[in-house]
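Work through the exercises below with the sequence and the model open. Each task is followed by a solution in steps.

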Amino acid sequence: ELLCRSLNSRSNPHHSVMFGRVRLGARFAARIGNRAVMARLPLVRAGAAAAGAVTLATAASAPVWCREPAVNWGKVREQIVEILDSEDHMEEPPGPQFVRLAWHSAGTYCKHTKTGGSNAATMRYGAEGNWGANAGLAKSRNLLEGVKARHPNLSYADLWVFAAIVAIEEMGGPKVPFKPGRSDKPPTATPTWTVKQHAEDGRLPSADMGSDAATAAHLRNIFNRMGFNDQEIVALSGAHAL
């Protein structure tokens, strides 16, 4: 397992050296069948004893990478439901806030630059997490930290979206399709406007721009950037009724 992890880490400076030694040692030992050589190569000996696995794996021109354990989505769902049903949160149910968390994460998307969106989870960083529109969402993110800790291969980006889907379904909403695969990105991926506009506090909409006309123009500016029309703006804004 340790060898597998080391070989699977492309950032390991000894990666190519280690793999080369195992490959050459396996070939050499397999060809001459020398017990003394095998004794000096315990890693190779263990691999060769397993039905020639090392010889087969190293015969190829490229290494066979070990796969990270798959996320157990059934367990993740159970743990999210536990949070939703916990009596500790009855005064402020987390379900609607999980939906808000996913929406604010996805709501930074720009169809023109293909930046922002839920595939980054950059709300973890202050540059985005401290936007006025994201006020209060730190509590929702913190509630999910326990789930993330139990599933280290689960990205925050997938977790936030999945938590919202589970919340919608558990609150009596429709079954929502879910496709994992989002990745977490560094602070440099935090979305910003390419041109300064009247939404200085990030890419999310403000509730009041001073007048109905100004607010309507602002909402169209924000939502059109994501690719939504007026009908979809009304539907998405109505989700705040949760």
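The model is predicted.

**Exercise 1.** Identify the residue that follows H12 and give the sign of its phi.

*Solution.* The residue after H12 is Gly227. Its phi is positive, near 105°.

**Exercise 2.** Compare the reach of helix H12 with the expected value, then decide how its buried residues are arranged around the axis.

*Solution.* Step 1: H12 covers residues 212-226, which is 15 residues. From the first C-alpha to the last it reaches 21 Å, close to the 21 Å expected at 1.5 Å a residue.

Step 2: with buried taken as under 20% relative accessible area, the buried residues of H12 are Thr215, His218, Ile222, Phe223, Arg225 and Met226.

Step 3: viewed down the axis of H12, these buried residues fall within an arc of 155°, so they line one face of the helix. An α-helix has 3.6 residues a turn, so residues three or four places apart point the same way.

Step 4: the packing partners of the buried residues of H12 are H7 and helix H13 (230-238).

**Exercise 3.** Describe the largest pocket: its volume, the residues closest to its centre, and the elements that line it.

*Solution.* Step 1: the volume of the largest pocket is about 480 Å³. Its lining has 23 residues, and Val99, Arg100, Ala102, Trp103 and Ala239 are the closest to the centre.

Step 2: two or more lining residues come from each of helix H7 (94-106) and helix H11 (156-170). H7 has the largest share, seven residues.

Step 3: sorted by class, the pocket lining holds 16 nonpolar, four polar and three charged residues.

**Exercise 4.** How many cavities of 30 Å³ or more does a search of the whole structure find, and what lines the largest and the second largest cavity?

*Solution.* Step 1: the search finds two cavities of that volume or more.

Step 2: the largest cavity has a volume of about 60 Å³. It is lined by His89, Glu92, Pro94, Gln97, Gly136, Lys139, Ser140 and Leu143. H7 and helix H9 (137-143) each give at least two residues to this lining, and H9 gives the most, with three. The classes are two nonpolar, four polar and two charged.

Step 3: the second largest cavity has a volume of about 40 Å³. Its lining includes Ser105, Thr108, Met123, Glu128, Trp160 and Pro191. By class this lining has five nonpolar, five polar and one charged residues.

Note on methods. Residues numbered from 1 in each chain as written. Predicted model: local features only at pLDDT ≥ 70, side-chain atom pairs only at ≥ 80, totals over all residues. Heavy atoms only, no water. 1 Å grid on protein atoms, 1.4 Å probe; cavity = no way out; pocket = protein on both sides within 12 Å on 5 of 7 lines; lining within 4 Å. Points joined across faces, edges and corners; volume = space filled by probe spheres on them. Helix = DSSP H or I, 4+ residues; strand = E, 2+ residues; numbered from the N terminus. Nonpolar A, V, L, I, M, F, W, Y, C, P; charged D, E, K, R; others polar. Expected span 1.5 Å × (residues − 1). Buried < 20%, exposed > 50% of the residue type's maximum accessible area, 1.4 Å probe, protein only. Arc of directions from axis to C-beta. Contact = heavy atoms within 4.5 Å.
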